[in-house]
Amino acid sequence: MASSLFGKNLKGDIIGGLTASIIAIPVGLAFGEATGLGAKYGLYTAAFLALVASFIGGTKTLMSDPTGPMTFVAAGIVATVLPEGTEATSPIWMYLIITFVMAGAIQILLGFLNIAQYVKYIPFPVISGFMGGIGVMIVLNQLYPLMGHANPEGGGAINIFANIGTPLSSINWESLGLGTLTIATIYLFPFITKKVPSILVALIVGTSAYLLLGNFYNMESVATIKAFESGLPVPKLDVFGTFNWGILVDCIVPAITLAALGMIDTLLTSVVADNLTKTKHNGNKELIGQGLGNIVAAIFGGFPGAGSTTGTVINIKSGGTTNLSGITKGALIFVIILVMGPYVQYIPKPVLAGILFVIGVGIVD
């Protein structure tokens, strides 16, 4: 009976969603931390966006997640209003949520305007150069955390290189060792087996090394991510108590940037899915699904995501063929959110930096 409701490939879709969720967990934690908001918000994005976009979207096998380009832009927006190492207050949350909701709304509008058909006219060198530049910046932003230091205030490639002497003169060797171990695990584990995602293995290996070495060495100098309370996310509607219409003007430009980038990122991934499955996606419907998913995620504190090439390819290769795989992935991440909160405090930041370093290199490639 279940197979008749969801199609003839129920087992393949569930396995595809399960495998994609295994990849999405360490990536979501890493991207959430990279935005400056916190690791849990990366998981919120991965869960809400996957569920909503998969219900509505026009690419059956697409996996929606926080992605490198979207996270990089979102992190820049967060950095303009939130000093590093501080907690977001209600006015800051209001600005961020409005910006991210507007980005989703613009994507929905682009879908209704049938804009998807025109993306193919963007020259490949333009897309390649843009993505390559984002990949380089993601890599550069991991250099300081890998050496056990926070990035210089203001960020940017010039600022990073101008102050690189600071971390180089006082390298935290424990942090560098954990980051290097993480990177090596991601690249080398596939030689052992490709059935288990190497990013997840790297997260486990790096965190286990931190905990085990803590019995013999002083590892207190290694920064870890903050724990969060387990349980379902709560919408941040209370932050709108001080809403004023003037804030919309400040949000429109970053919202347009996110919407356009998310459109390109998603539709390029949809083309990859078409090539692998020999199907044809509905780009405009996918934009509507992505936009609504980003709106829902933003209301709960998440940041905009897009179609993930890595998750989509893994889903297809694992047997996923319908929207059920994305729904399964989102539901499984909610289960993780319910139980994982207190344990993320043991994950070292240099381990997440190592994961992001490899992702940045992959984007350049």
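**Exercise 1. Find which helix holds N284, and work out what surrounds this residue.**

Start with the location: N284 sits in helix 13, residues 283-299 (helices are DSSP runs of H or I, at least four residues, numbered from the N terminus). This is a predicted model, where local features need pLDDT of at least 70, side-chain atom pairs count only at pLDDT 80 or more, and totals for chains, interfaces and linings use all residues. Residues are numbered from 1 along each chain as its sequence is written, and side-chain values use heavy atoms, with hydrogens and water left out.

Next, check burial. N284 has a relative accessible area of 16%, so it is buried (buried is under 20%, exposed over 50%, partly exposed in between; 1.4 Å probe, protein chains only).

Now list the partners. Setting aside neighbours within four places in sequence, N284 is in contact with L110, G111, N114, I115 and A116 (contact: heavy atoms within 4.5 Å). For A116, the backbone nitrogen is 3.1 Å from a polar side-chain atom of N284.

**Exercise 2. Track down the salt bridges and say where their ends lie.**

Count them: the structure has 2 (a side-chain nitrogen of Lys or Arg within 4 Å of a carboxyl oxygen of Asp or Glu).

Take E33 and K349, whose side chains pair at 3.5 Å, N to O. Because E33 is in helix 2 (residues 10-35) and K349 in helix 16 (residues 349-364), this pair ties together parts 316 residues apart in sequence. E33 is partly exposed at 23% relative accessibility, and K349 is partly exposed at 35%.

Then take D65 and K329, bridged at 2.4 Å, N to O. Both D65 and K329 are buried.

Note on methods
Helices (H or I, at least four residues) and strands (E, at least two) are DSSP runs, numbered from the N terminus. A polar contact is a pair of N or O atoms within 3.5 Å; within protein, one must be able to donate a hydrogen and the other to accept it, and residues adjacent in sequence count only if both atoms are side-chain atoms.
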